[in-house]
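Please go through the model shown here and report on its main structural features. Keep the account plain, with the criteria stated where they are used.

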Amino acid sequence: MGRLLADLNAVDQRTLEKYRKEAEKIGKGSFALAWVLDQSSEERARGVTIDIATNKFETEKTRFTIVDAPGHRDFVPNMIAGASQADFAVLVIDSGTGNFESGLKGQTKEHALLVRSMGVQKIVVAVNKMDSVDWSKDRYEEIEQQISSFLTTAGFQEKNISFVPCSGFHGDNITRRSDNPNASWYTGRTLIEELETSEPYTHALEKPLRMTIADVFRGGVQSPVSISGRIDAGSLQIGDQILTMPSGEKAVIKSLEVDGEPSEWAVAGQNVVLNLANIDPIHLRSGDVICTPTSPVQNITTFTTKVLAFDHLMPMLVDIHRGRLHVPGRISRLVATLDKGTGAPVKKKPKIIPPGTVARIVVEMDQAIPLEAPARIVLRASGDTVAAGLLE
């Protein structure tokens, strides 16, 4: 993604040169492009993305916002928060010998399952570092076959899966077609061309306002408190009174920004910053939900959900994730296993639910939180994702 931003001049050359010098100074020259999105000192020292980073770029046809989510297993909760904001996904695969195989056994699979579970329907697979395997067509086709087979099993439709062999380091097939003679066998689209053909998700414009808070920050004298996030449903405008849940406190939208630009209004699907009045920041937290006082989201302590099991499920302690929301709870009851095609009950009151099974379960939480159907949730236990699904 750093290469894409650089080639589209979304990052100026002076900044890129600064990153290159800093990366070379600590012996990580090849990481310079990654630093376009990995901004913190810890991310740069460790060579991994830790938190969500966003950046914007435009082509002649479309305006994009990149939500760069971490890949390391230690930071999956942040990856879930990033995936919950996406219209479609770019899955970056390391084609290097051994690297692809180890990824397929671990994080690559979990990421694909999570992305699909969060409602993302289209996925572009960037088969990266093809220069490290001399642009081997056989290697590319091997990766394409294995990943395609897995993604269809995970619930992606074949028509919504596409592959691009590329080299982020050299820029081949990112924004321009590769001029490497060994890559001449590939005649498909570049990565940017694939992104431009992706249709955004149709958002719920007619539904009541729902927005999950991503961040809370204090501004200046004019805007003492601001929140950012993506509008999940409905619309809002300057002067609107809003309700924040679970606190139940009200606020007024003093001003707002859409994709970094001042605006009078915003609608579902847009990333916004709301500058608020008449509310103490103590009542605002990441993961809280913004709604209208006339159509509030309810705070609940228990819910029924239809999930796909990634691991064995039984009455057990779990962490519930929805975007930035993260609360402890437990699976209190296994209602039934379900037929994957029809959703009809197959076995009622099972004692255990095996991986790969669709099931209906009841989850209880230690505190009341704002949740409603058809919210998508992820359940994790002992550092692993065990299930994901929809509230009913």
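The report below covers the basis of the values, the chain as a whole, its sheets and helices, and some local backbone features.

## Basis

This is a predicted model, in which local features need pLDDT of at least 70 and side-chain atom pairs count only at pLDDT 80 or more, while totals for chains, interfaces and linings use all residues. Residues are numbered from 1 along each chain as its sequence is written, and side-chain values use heavy atoms, with hydrogens and water left out.

## The chain as a whole

The chain's secondary structure comes to 8 helices and 21 strands. Helices (H or I, at least four residues) and strands (E, at least two) are DSSP runs, numbered from the N terminus. Of the chain's 392 residues, 48% count as buried. Buried means under 20% relative accessible area, exposed means over 50%, and partly exposed lies in between, with a 1.4 Å probe and protein chains only.

About 19,000 Å² of the chain is exposed, and carbon and sulfur atoms supply 48% of that area. Accessible areas come from the Shrake-Rupley method with a 1.4 Å probe; for residues, only the protein chains shown count as cover. Taking contacts between residues at least 6 apart in sequence, 66% join residues at least 24 apart. Contact means heavy atoms within 4.5 Å.

## The parallel sheet and helix H7

Three strands make an open sheet in the order S3-S4-S5, with parallel pairing. Its edge strands, each pairing on one side only, are S3 (88-94) and S5 (161-165). On average, neighbouring strands of this sheet are turned by 20° against each other, direction ignored. Two strands pair if DSSP finds at least two bridges between them; S4 (residues 122-128) and S5 are joined by 5. Ala126 has Val164 in S5 as its bridge partner.

Helix H7 (residues 137-154) packs on this sheet and touches S3, S4 and S5, with its direction at about 160° to that of S5. Axes are lines fitted to C-alpha atoms, for helices over the stretch in contact, and angles run from 0 to 180 degrees between N-to-C directions.

## Helix H6

Helix H6 (residues 107-117) is largely enclosed by the rest of the structure, because 9 of its 11 residues are buried. Among them are Gln107, Glu110, His111 and Ser117, as well as Leu113, Leu114 and Val115. After H6 comes Gly119, with a positive phi near 100°.

## Antiparallel strands around S17

Strand S17 (residues 325-338) pairs with S16 (residues 316-322) in the antiparallel sense over 7 bridges, and Leu317 stands opposite Arg330 in S17. These two strands form a hairpin with 2 residues between them, where Gly323 in the turn has a positive phi of about 60°.

S17 also pairs with S18 (residues 345-348), antiparallel, over 3 bridges; here Ala336 stands opposite Lys348 in S18. The S17-S18 hairpin has 6 residues between its strands, and Gly343 in the turn has a positive phi of about 80°. Another 8 bridges join S17 to S19 (residues 358-370), again in antiparallel fashion, with Leu334 and Ile361 in S19 as bridge partners.

## Backbone exceptions

Most residues other than glycine have a negative phi, and most peptide bonds are trans. Asp134 has a positive phi of about 55° although it is not a glycine. Asp134 is in the loop between S4 and H7 and is exposed, with a relative accessible area of 57%. Asn173, also not a glycine, has a positive phi of about 60°, but at 2% relative accessibility this residue counts as buried.

Met245 and Pro246 are joined by a cis peptide bond with omega about 20°; Pro246 is in the loop between S9 (241-245) and S10 (249-258). The bond from Ala373 to Pro374 is cis as well, with omega near 5°, and Pro374 is in the loop between S19 and S20 (376-381).

## The loop before H8, and cysteines

Asn173 lies in the loop between S5 and H8, as does Thr190, with H8 spanning 191-196. Thr190 counts as buried at 3% relative accessibility. Not counting residues up to four places away in sequence, Thr190 touches Val164, Asn173, Ile174, Arg176 and Arg177.

A search of the whole structure finds 0 disulfides, a disulfide being a pair of cysteine sulfur atoms within 2.5 Å. Cys166 counts as buried at 2% relative accessibility, and Cys291 is buried with a relative accessible area of 0%.
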